[in-house]
Amino acid sequence: MKATIYHNPMCGTSRKTLDILRDAGCDVWVHEYMKNPPSRDELVRLYDRAGLSPREGLRAKEPLADELGLNAADVTDDQVLDAMVAHPILINRPIVETDKGVRLCRPQDMVREIL
C-alpha cells in the first residue's frame, strides 16, 4: 500500500506514525511539510478527505496560534488556512493519506484505520 505522511521529524507522534507505516510494509512518501509546505488547495483537499475542518487541523497549542488570535471563536476557516500556509508550524501532524482515506494521526494508532 502507498501512503503519504505529512511529517515533522522533530515530533515524536509523527516519528511513531512513520514507524507504524513502515512496519505495515507501506511504500511511504515522507513529505516534510516544514521544508516544503502544502499549498492551501492541498490542505483543503486533505481536510475535506479527512472530514475535518481547518480549525480541527490547527495545532492550537502552538504559541503562534494564540499570538495570531487563531484560537478565538470568530476565526474563519479561511483565516486558519491562510495562517497555516504562511506558518506551517500551525499544521497539526502527522497527517497520513492512503487510498483508504486521510487521518490526522493523533494518537498515532489512528493511522491503522486507513491501512
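Where in the chain is Pro-94 found? The legends below, drawn from a predicted model, come to that residue in the fourth view.

**Figure 1. The whole chain brings together four helices and four strands.** Following the sequence from its start, you meet these elements in the pattern β-α-β-α-α-α-β-β. Along the principal axes, the C-alpha atoms fill a box of roughly 40 × 25 × 25 Å. The radius of gyration is 14 Å, which agrees with the value near 13 Å that a compact globule of 115 residues would have. Buried residues make up 44% of the 115. About 6200 Å² of the chain is exposed, and 48% of that area is supplied by carbon and sulfur atoms. Among contacts with a separation of 6 or more, 62% link residues 24 or more positions apart.

**Figure 2. Four strands build an open, mixed sheet in the order β2-β1-β3-β4.** The edge positions belong to β2 (27–32) and β4 (101–104); each has a single partner strand, so one side of each is left without a neighbour in the sheet. On average, and with direction ignored, neighbouring strands are turned by 15° against each other. Take a closer look at the β3 and β4 end: β3 (residues 95–98) pairs with β4 in the antiparallel sense, over four bridges. Here you can find Thr-98 standing opposite Gly-101 of β4.

**Figure 3. Two helices, α1 and α2, lie across strands of the sheet.** Helix α1, residues 12–23, lies across β1 (2–7), β2 and β3. Its direction is at about 170° to β1. Helix α2, residues 40–50, lies across β1, β3 and β4. This second helix runs at about 75° to β3. Strands β1 and β3 are therefore worth finding in both parts of this view, as α1 lies across them and α2 does too.

**Figure 4. Pro-94 sits in the loop between α4 (77–86) and β3.** This is the place asked about at the start, and the backbone deserves a look here: the peptide bond from Arg-93 to Pro-94 is cis, with omega near -5°. For context, most peptide bonds are trans.

**Figure 5. A cis peptide bond also joins Arg-106 and Pro-107.** Its omega is about 5°. To find this proline, follow the chain past β4, since Pro-107 is found in the segment after that strand.

Conventions. Residues are numbered from 1 along each chain as its sequence is written. This is a predicted model: local features need pLDDT of at least 70, side-chain atom pairs count only at pLDDT 80 or more; totals for chains, interfaces and linings use all residues. Side-chain values use heavy atoms; hydrogens and water are left out. Two strands pair if DSSP finds at least two bridges between them. Axes are lines fitted to C-alpha atoms, for helices over the stretch in contact, and angles run from 0 to 180 degrees between N-to-C directions. Contact means heavy atoms within 4.5 Å. The radius of gyration is taken over C-alpha atoms; the globule rule is 2.2 Å times the number of residues to the power 0.38. Buried means under 20% relative accessible area, exposed over 50%, partly exposed in between (1.4 Å probe, protein chains only). Accessible areas come from the Shrake-Rupley method with a 1.4 Å probe; for residues, only the protein chains shown count as cover.
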